[in-house]
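Trainee: I should like a close look at a single part of this structure. Which part would you choose, and what should I see there?

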Amino acid sequence: MTESATLAGLGEFGAVGLLTRGLVAGAGVELGPGDDAAVLQPGGARVVVSTDTMVEGVHFRRDWGNGLETGRKAVAAAAADLEAMGAEPWALVVSLTAPGDLPVTWLRFFHQGVLSECELAGLQLVGGDTTRGRDVTLGMTVLGRLDGEPVTRAGARPGDVVAVRGRLGWAAAGLAVLTRGFRSPRAAVAAQLVPEVPWGAGGEARRAGASAMIDVSDGLLADLGHVARASGVSVDVEAARLEVPEVLRTVAQATGKDALGFVLTGGEDHALAACFPAAGVPDGWSVVGRVVEAGDEPAVTVDGRRWEGAQGHDHFA
Ligand SMILES: [Mg+2]
């Protein structure tokens, strides 16, 4: 196979063979890839399902990140939703749409990226499908196992504290850099290309008694807004409790943006934000605010005031 080989040359069966090579069925997987469907055995646990679609030019660019980074990001973004329910990532099904001229090297790197992030997350790739289309489109369906009650967005109560696990604002800072044609600071760019999901923290939060949880995909304020509305409460974030790392200040200065704005409204880091009874915040989580009674309607405030500026990412904006 030469460097210039494309998906068209490889063919559908070749692509499927490449994507499923060397897979061994692990815990709870009775039948992995290779038959008409995979067979899973949840063993009495609840099964949690979510799907995520990433489209080239909308969610990723092949001139920004390579196949490995794109594969890792696609898995991370999908499986973070399992963590946000308090579930344990279990199985992944990948649907890949790609043009015939997609280099096979990109596909090889994508495959490596998928498998390496699956290993971090605890996921097993159990099946998939490939088809031809104009843009690279990744459909990532993930299943999780849940031994207990799910942690939804709807359980936050006045008196709870809001805590965060993971990074905030880094991916948005990376996007600000990349859209201006720069590739540094490298740490911010890397965060945009591959989010650092706090794997396992969702289950920890559930076992610690989290009342509500969400992964920060659209921005902290926007995502806490989802929790506030689902729970019928308001949330107040204390700006002084938020860490604003040096790299965010550097990018903010270079791009004319607000470093705190990255932290409050930047999406795609897939940190976890959860509400806990005040005495029950587990180790490793940072308290950033509190849950209060809703006024006229559920709201998210910063130091008691409405945040002026963009509230986060809206895919249909
Ligand atoms: Mg989510």
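**The annotated positions and their surroundings**

Mentor: The UniProt record, an unreviewed entry, gives the feature "binding site" at Asp36, Ser50 and Asp81; such annotations may be inferred rather than shown by experiment, feature names are shortened, and the positions follow the numbering used here. These three residues span 46 residues in sequence, and their farthest two C-alpha atoms are 26.6 Å apart, so they do not all gather at one spot. This is a predicted model, in which local features need pLDDT of at least 70 and side-chain atom pairs count only at pLDDT 80 or more, while totals for chains, interfaces and linings use all residues. Residues are numbered from 1 along each chain as its sequence is written, and side-chain values use heavy atoms, with hydrogens and water left out.

Let us take the three positions in turn. Aspartate 36 belongs to the loop that joins strand 1 (29-31) to strand 2 (39-40); strands (E, at least two residues) and helices (H or I, at least four) are DSSP runs, numbered from the N terminus. Aspartate 36 counts as exposed because its relative accessibility is 78% (exposed is over 50% relative accessible area, buried under 20%, and partly exposed in between, with a 1.4 Å probe and protein chains only). Serine 50, by contrast, sits in strand 3 and is buried, since its relative accessible area is 17%. Apart from neighbours within four places in sequence, serine 50 is in contact with Asp81, Met140, Thr141 and Val142, where contact means heavy atoms within 4.5 Å. One of these partners, Asp81, is itself an annotated position. Aspartate 81 has 23% relative accessibility, so this residue counts as partly exposed.

Aspartate 81 also leads us to the metal. The magnesium ion is coordinated at 2.0 Å by Asp81 (OD) and Asp215 (OD). The two aspartates come from distant parts of the chain, 134 residues apart: aspartate 81 is in helix 2 (residues 67-83), and aspartate 215 is in strand 8 (residues 212-216). Donors are N, O and S atoms within 2.8 Å of the metal (3.2 Å for Na, K and Ca), and sites may look incomplete, as water is not among the atoms. Aspartate 215 counts as buried because its relative accessible area is 2%.

Now consider the sheet that holds serine 50's strand. It is an open sheet of 4 strands in the order 3-6-4-5, with mixed pairing. Its edges are strand 3 (46-55) and strand 5 (124-132), each of which pairs on one side only; two strands pair if DSSP finds at least two bridges between them. Within this sheet, strand 4 (residues 88-98) and strand 6 (residues 137-146) run antiparallel and share 9 bridges. In one such pair, glutamate 88 has arginine 145 in strand 6 as its bridge partner.

Helices pack on this sheet as well. Helix 1 (residues 7-20) does so by touching strand 4 and strand 5. Helix 3 (residues 104-121) also packs on the sheet, where it touches strand 4, strand 5 and strand 6. Glutamate 117 has its place in helix 3, and it counts as buried because its relative accessibility is 1%. Leaving out residues up to four places away in sequence, glutamate 117 touches Arg72, Val75, Ala76, Val194 and Trp199.

We return to the other side of the metal pair, through strand 8. Strand 8 pairs with strand 10 in the antiparallel sense over 5 bridges; there, methionine 213 has alanine 274 in strand 10 as its bridge partner. Strand 10 also pairs with strand 7 (residues 161-165), again antiparallel and over 5 bridges. In that pairing, valine 161 stands opposite phenylalanine 276 of strand 10. How much of strand 10 (residues 271-276) is buried? The count is 6 of the 6 residues, so this strand is largely enclosed by the rest of the structure. Its two faces are both covered, as Ala271, Ala273 and Cys275 are buried on one side and Leu272, Ala274 and Phe276 on the other.

To close, please keep the metal pair in view: Asp81 and Asp215 coordinate the magnesium ion, and the first of them is in contact with the buried serine 50.

Definitions and conventions:
Axes are lines fitted to C-alpha atoms, for helices over the stretch in contact, and angles run from 0 to 180 degrees between N-to-C directions.
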